[in-house]
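Please open your viewer and keep the sequence panel beside it, since this tour moves from one selection to the next. Take your time at each stop before going on.

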Amino acid sequence: MKVRKFTITDVALERSPGQEADIFVGNLVDERQGGPITIGYGRYAPGQSLTETIDVDDVMIVLEGRLSVSTDLGTVTAGPGEIVYMPKGEAVTIRSYEEGALTAYVTYPHWRPAHA
């Protein structure tokens, strides 16, 4: 069966590549399965910050908590059920609030090879 359903219990979270903050990610679908996108979950501990230039088109869905995403043009804040789109090449700072955050993400193309 090719159609799959995922939950947070299906993923092994690891520290986000190149980061020392308490930000963890885990891919459920990526280039190893032969598809064109990466799908996974992310967990941000309270009060964490991540600054990077986005290497792939990235869609982040906030499932729990709140995050802000800042660029040189402004800041958006997202909570449960809200989606943030970060286009390839955008310099962003992602911050979690006191409750931390749980996200789901979809990237195109795969983000792991882009960070290698």
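The stops below begin with the whole chain and then turn to single residues.

**The whole chain**

Before selecting anything, keep in mind that this is a predicted model. Colour the chain by secondary structure, and you should find 1 helix and 8 strands, which run from the N terminus in the order β-β-β-β-β-β-β-β-α. If you then show only the C-alpha trace, its extent along the principal axes is about 40 × 30 × 25 Å. For 116 residues a compact globule would be expected to have a radius of gyration near 13 Å, and the chain agrees with this because its own value is 13 Å.

Next, show the surface, whose accessible area is about 6,700 Å², with 54% of it belonging to carbon and sulfur atoms. Of the 116 residues, 39% are buried. Among contacts with a sequence separation of 6 or more, 64% are between residues 24 or more positions apart. If you colour the charged side chains, you will find 10 positive and 16 negative ones, and the centres of these two sets lie 7 Å apart.

**Glu20, in a loop**

Select Glu20, which sits in the loop between strand 1 (14-15) and strand 2 (23-29). Is Glu20 buried or exposed? With a relative accessible area of 79%, Glu20 is exposed, because the cut-off for that word is over 50%. Now add Asp30 to the selection: the two residues are 10 positions apart in sequence, while their C-alpha atoms are 23 Å apart in space.

**Gln48, in another loop**

Move on to Gln48, which you will find in the loop between strand 3 (38-44) and strand 4 (49-53). Gln48 has a relative accessible area of 16% and therefore counts as buried, since the limit is under 20%. Show its side chain, and you can trace a polar contact from there to the backbone oxygen of Pro46, at 3.1 Å. Setting aside residues up to four places away in sequence, Gln48 touches Ala21, Asp22, Ile23, Ile94, Arg95 and Ser96.

**Pro87, between two strands**

Select Pro87 in the loop that lies between strand 7 (83-86) and strand 8. Its relative accessible area is 25%, so Pro87 is described as partly exposed. Which residues does Pro87 contact, leaving aside those within four places in sequence? They are Ile54, Val56 and Asp57. For a distance across the model, pick the C-alpha atoms of Pro87 and Val29, which are 20 Å apart in space and belong to residues 58 positions apart in sequence.

**Pro109 and His110, ahead of the helix**

Now select Tyr108 and Pro109 together, and look at the peptide bond joining them, which is cis, with omega at about -15°. Pro109 belongs to the loop between strand 8 and helix 1, and His110 is found in that loop between strand 8 (91-108) and helix 1 (111-115).

End the tour on His110, which counts as buried because its relative accessibility is 13%. What does the side chain of His110 reach at 3.2 Å? There you will find the backbone nitrogen of Glu31, and a polar atom of the His110 side chain also lies 2.7 Å from the backbone oxygen of Gly35. Finally, display the residues that His110 touches, apart from those up to four places away in sequence: Asp30, Glu31, Gly35, Pro36, Ile37, Thr38 and Val56. Val56 was also listed at an earlier stop, as a contact of Pro87.

Note on methods:
Residues are numbered from 1 along each chain as its sequence is written. This is a predicted model: local features need pLDDT of at least 70, side-chain atom pairs count only at pLDDT 80 or more; totals for chains, interfaces and linings use all residues. Side-chain values use heavy atoms; hydrogens and water are left out. Helices (H or I, at least four residues) and strands (E, at least two) are DSSP runs, numbered from the N terminus. The radius of gyration is taken over C-alpha atoms; the globule rule is 2.2 Å times the number of residues to the power 0.38. Buried means under 20% relative accessible area, exposed over 50%, partly exposed in between (1.4 Å probe, protein chains only). Contact means heavy atoms within 4.5 Å. Accessible areas come from the Shrake-Rupley method with a 1.4 Å probe; for residues, only the protein chains shown count as cover. Lys and Arg count as positive and Asp and Glu as negative; His and the chain ends are not counted. The place of a charge is taken as NZ of Lys, CZ of Arg, CG of Asp or CD of Glu. A polar contact is a pair of N or O atoms within 3.5 Å; within protein, one must be able to donate a hydrogen and the other to accept it, and residues adjacent in sequence count only if both atoms are side-chain atoms.
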